[in-house]
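Q: I'd like a close look at one side chain here and at what surrounds it. Could you walk me through it in one connected answer?

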Amino acid sequence: MKYILEQNFTAHKALLKSMLADEALKRQIADCAAAVCKCLQSGGKLLLCGNGGSAADAMHITAEFVGNFYRPKRALSAICLNTNAANMTSLANDSDYRFIFSRQVEAIGAPGDLLIALTTSGKSANVLEAVTAAKLQGISTMVLCGKNTEKLQSDYVIAVPSADTPRIQEMHMLIGHFFAQCAEDYFLDGENNG
């Protein structure tokens, strides 16, 4: 067990070190955080989705916006599309699992919103359908994925430079926490300072 622990910690550390050395990637992440803040500041809402572990990550990130992160703040508008079991199961049963997120985007999304889609492979059909639906409605899109993904048709893409699903998900959570902290700082400090 100790070997597995050390192996996982070492892989995590190596990936984080490579990301810290990648100036272009850090700029992309910072640009995405600015897009999150701009969406919320203009009255838009965040729509998040993912499958499996990425679904759990989407729920976790959503909670950081609606609740408090480090400091008490007003609730920020974020909705996780994979939390409504009735929506998801009826859509999967009545049409196709591919549309479980896109139909919800059609129902509750509006221009000014931002879809944040998590897919470690970059190829999840239901996530890509959500991105397509969002773009058709004039909703900005952001995809958090891993490396070696196909060219994604999204306004923003953060490709974690790894093909190891657990490591990618760890970085997605780190990035989600960064977004939450940036938004919290903006709404607690930035709004008050103009």
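Is E170 buried, partly exposed or exposed, and what is its relative accessible area?

A: Happy to take you through it, with one note at the start: this is a predicted model. E170 is partly exposed, and its relative accessible area comes to 29%.

Let's begin with the partner of that side chain. E170 forms a salt bridge with R167, and the closest N and O atoms lie 2.7 Å apart. Both residues sit in helix α7, and because they are three residues apart there, about one helical turn separates them. The two ends of the pair fall into separate accessibility classes: R167 counts as buried at 7% relative accessibility, whereas E170, at 29%, is partly exposed.

Helix α7 spans residues 165-190 and also carries D185. The side chain of D185 meets that of R71 in another salt bridge, at 2.9 Å from N to O. Here the link joins distant parts of the chain, since R71 belongs to the loop between α3 (53-66) and β2 (78-80), 114 residues away from D185. R71 counts as partly exposed, with 31% relative accessibility, and D185 is also partly exposed, at 30%.

These pairs belong to a total of 10 salt bridges in the structure. Another of them is formed by the side chains of D96 and R98, at 4.0 Å from N to O. D96 is partly exposed at 29% relative accessibility, and R98 is partly exposed at 34%. This pair has company: D96, R98 and E129 are linked in a network of salt bridges.

Back to helix α7, this time for the pocket. Together with α1 (2-20) and α2, helix α7 is an element that gives two or more residues to the lining of the largest pocket. The volume of this pocket is about 200 Å³. Its lining includes L174, I175 and F178, along with L16, M19, L20, K26, I29 and A30.

Next comes the nonpolar packing. The largest nonpolar core has 34 residues, and F179 is among the six that touch the most other members, the others being V36, L46, F65, I116 and M142. Helix α2 (residues 23-41) contributes the most to this core, with nine residues. If you want one residue to follow through the core, try V36: leaving aside neighbours within four places in sequence, V36 is in contact with F179, L46, F65, L114, I116 and M142. A second core, separate from this one, has 19 residues, including M88, F101, V127 and A130.

Finally, the cysteines. The structure holds zero disulfides. For C145, the nearest cysteine sulfur is that of C32, 10 Å away, and C145 itself is buried, with a relative accessible area of 0%. For C182, the nearest cysteine sulfur belongs to C37 and is 5.8 Å away. Because a disulfide needs two cysteine sulfur atoms within 2.5 Å, C182 is in no disulfide. C182 is partly exposed, with a relative accessible area of 23%.

To return to your starting point: E170 is a partly exposed side chain that is joined by a salt bridge to R167, a residue that counts as buried.

Notes:
Residues numbered from 1 in each chain as written. Predicted model: local features only at pLDDT ≥ 70, side-chain atom pairs only at ≥ 80, totals over all residues. Heavy atoms only, no water. Buried < 20%, exposed > 50% of the residue type's maximum accessible area, 1.4 Å probe, protein only. Helix = DSSP H or I, 4+ residues; strand = E, 2+ residues; numbered from the N terminus. Core = buried A, V, L, I, M, F, W, Y, C linked by side-chain atoms within 4.5 Å. Contact = heavy atoms within 4.5 Å. 1 Å grid on protein atoms, 1.4 Å probe; cavity = no way out; pocket = protein on both sides within 12 Å on 5 of 7 lines; lining within 4 Å. Points joined across faces, edges and corners; volume = space filled by probe spheres on them.
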